[in-house]
Amino acid sequence: MSKYTKRFDGRKFDETRKIKIELDIIPNADGSALFAFGDTIAMAAVYGPKQLHPQHMQNPSKGILRVKYDMMSFSVTERKKPGPNRRGMEISKVSEWALADIVDLDSFPNTVVDVHIMIPQANASTRVAGLNAAVLALARAGVPMKEMAAAVSIGKMDKTLVVDVIKEEEDYEEGEGATDIAFCFGSRSKKVLLTQLDGKISPAELKEAMKLGEQACSKIYEMLKDALKKGVEK
Amino acid sequence: MNEEERVEEKREERVLVVPGESIVSGEDYLPGDWTKREGKDIVSNRYGLAEKSGRLVKIIPLSGIYMPRAGNVVIGTVTDVTFNGWIMDINAPYSGFLPLSETPRFINKEEIQSFIDIGEIVVAKVDAVKGKGVDLTIKIRGLGKKEDGMLVKVNHSKVPRIIGREGSMINLIKQETGCDIIVGQNGLVWIKGNSVDEELFAKKSIEEITRRSFVAGLTEQMEKWFKENKGK
């Protein structure tokens with residue numbers, strides 16, 4: 001057990017930051033959403049299915065999903081040089097793989113769905129916030145999907161597991177140091193759609209982290225679902 | 001099951017579902033549009049309203065882009081003229097092709113461009129949906145090139161509301177505005193009136209319908225709307 005009873009920002013160990021959800025934030029997109037874990041904000045816009053160019057990239061048996069993740073230059077304290085970089089391209093790719101598992105690509109052959117994830121303000125856990133926003137935007141855009149998904153980050157500070165990591169916890173240096181794991185679970189199949197691990201963790205602890213992640217994800221999924229159901233009663 | 005019960009069941013409220021949510025459980029139901037059977041449950045495949053009609057469970061999508069189906073009347077703009085037909089943008093992920101052989105009269109190869117040119121608006125019917133494109137036809141009466149009038153773009157999922165039950169809504173708009181209106185299933189509406197003011201009034205009424213598409217008994221409400229707004 002930890003020497004602390006609370007976290008830096010006063011949260012319980014298994015508590016996420018305050019979640020904020022908004023739908024249809026971008027009028028020009030087919031579907032768009034904003035998802036925020038406290039001061040980590042992610043915006044996602046979905047365009048399509050639409051015709052894919054160049055034509056040689058078209059796949060006659062299934063559709064293609066393209067995901068682009070980027071942080072805005074003012075999202076972090078040290079200015080982030082705009083445009084793609086190693087980290088952004090990696091996150092784009094893993095998000096694409098995670099989302100390709102839930103989008104029903106077989107139902108729109110020869111076409112493409114574009115997902116753009118932007119981070120206007122970052123305080124760790126941006127890829128999971130981005131994934132949640134993307135799932136909302138995809139559903140709102142009416143893209144056929146097998147299921148929904150929810151994502152959360154699990155951290156380990158020394159020996160304590162925490163849900164929804166902030167920057168200070170990511171940089172924790174005492175004892176065993178900090179570990180940061182991103183999880184994304186399918187809402188129905190409970191399949192793991194994404195895991196990434198930065199740091200060190202024992203197999204037993206990882207199992208526990210996964211359980212924590214699954215619990216947090218099912219809570220987040222309920223919130224995503226509620227937001228989608230409320231979004232229309234106007 | 002007697003008739004009364006059947007009517008009762010048909011009136012069952014539509015519920016909003018998200019993808020991957022199970023709508024009903026049990027072997028009594030059949031999966032319809034945008035639903036799938038997974039074990040005992042019927043699972044939604046799309047965000048929309050779930051509707052049970054008899055044994056069939058289906059989803060009515062609330063958003064999303066238009067996917068062409070054979071038999072739909074669509075409105076498109078010509079993007080290219082080829083040696084044997086026209087390529088049209090029909091507001092869908094696939095482009096439409098109108099072959100020369102699907103015109104109401106014989107068109108000589110030389111006059112193909114003068115019959116329908118790039119950028120012109122054509123009302124066509126979807127003949128067949130193939131893997132990589134959509135075949136169109138204008139052989140039926142009422143279809144073909146539209147030389148004037150204006151185009152209004154709406155979300156294609158609102159089209160049933162604009163038409164109304166057995167065309168009640170569209171007939172109301174035609175009657176009240178005096179405009180000739182064609183509603184394409186792809187979410188494009190062509191309006192032609194005697195004056196621009198009439199056309200703009202018809203456009204305004206269509207925008208009102210799309211804005212209030214969740215209201216029950218919309219046709220009656222629109223009758224009131226026309227009384228209030230006519231002549232303004």
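**Figure 1. Polar contacts link domain 2 of chain B to domain 3 of chain B.** Between domain 2 of chain B and domain 3 of chain B there are 4 residue pairs in polar contact, both residues at pLDDT 80 or more. On the domain 2 side, strand 8 (73–82) and strand 11 (121–129) of chain B each supply at least two of the residues that touch domain 3. Strand 8 of chain B gives the most to this side, with 3 residues. By type, the residues on the domain 2 side divide into 6 nonpolar, 1 polar and 1 charged. Please keep in mind, here and in the views that follow, that this is a predicted model.

**Figure 2. A step back shows how domain 2 and domain 3 of chain B sit together.** The domain assignment splits chain B into domain 1 (3–61), domain 2 (73–146) and domain 3 (150–229). How far apart do the C-alpha centres of domain 2 and domain 3 of chain B lie? They lie 25 Å apart. In this view, 8 residues of domain 2 are in contact with 10 residues of domain 3 of chain B. Together the two domains bury about 820 Å², with 67% of that on carbon and sulfur atoms. The number of salt bridges between domain 2 and domain 3 of chain B is 0.

**Figure 3. Strand 8 of chain B pairs with strand 9 and with strand 11.** Look at strand 11 of chain B to begin: it runs antiparallel to strand 8 of chain B, and 5 bridges join the two. One position to find is B:T77, whose bridge partner in strand 11 is B:I121. Strand 9 (residues 85–89) of chain B is also antiparallel to strand 8, again joined to it by 5 bridges. Here B:V81 has B:W86 of strand 9 as its bridge partner. Strand 8 and strand 9 of chain B form a hairpin, with 2 residues between them.

**Figure 4. An open sheet of 4 strands in chain B has the order 1-6-7-3.** The pairing in this sheet of chain B is mixed. Which strands lie at the edges? They are strand 1 and strand 3 (30–31) of chain B, each of which pairs on one side only. Strand 6 (residues 48–53) and strand 7 (residues 56–61) of chain B pair in the antiparallel sense over 6 bridges. To follow that pairing, find B:K52, which has B:V57 in strand 7 as its bridge partner. As you trace the chain, remember that in a regular strand the side chains alternate between the two faces of the sheet.

**Figure 5. Chain B meets chain A across an interface that buries about 2,200 Å².** Of the area that chain B and chain A bury between them, 53% is on carbon and sulfur atoms. In chain B, the residues that lose the most area to chain A are B:V18, B:P19 and B:Y47, together 23% of what that side buries. In all, 27 residues of chain B are in contact with 29 residues of chain A.

**Figure 6. A salt bridge joins B:D41 and A:R188 at the chain interface.** The side chains of B:D41 and A:R188 meet at 3.4 Å, N to O. Across the interface of chain B and chain A there are 3 salt bridges, and 11 residue pairs are in polar contact. Strand 1 (15–17), strand 4 (35–38) and strand 5 (41–44) of chain B each give two or more residues to the side that touches chain A. The largest share, 3 residues, comes from strand 5 of chain B. By type, the chain B side divides into 13 nonpolar, 8 polar and 6 charged residues.

Key:
Residues numbered from 1 in each chain as written. Chains lettered and ligands numbered in written order. Predicted model: local features only at pLDDT ≥ 70, side-chain atom pairs only at ≥ 80, totals over all residues. Heavy atoms only, no water. Contact = heavy atoms within 4.5 Å. Buried area = accessible area lost by both parts, 1.4 Å probe. Salt bridge = Lys/Arg side-chain N within 4 Å of Asp/Glu carboxyl O. Polar contact = N/O pair within 3.5 Å; in protein donor to acceptor, adjacent residues only side chain to side chain. Nonpolar A, V, L, I, M, F, W, Y, C, P; charged D, E, K, R; others polar. Domains from an automatic or database assignment. Pairing = 2+ DSSP bridges.
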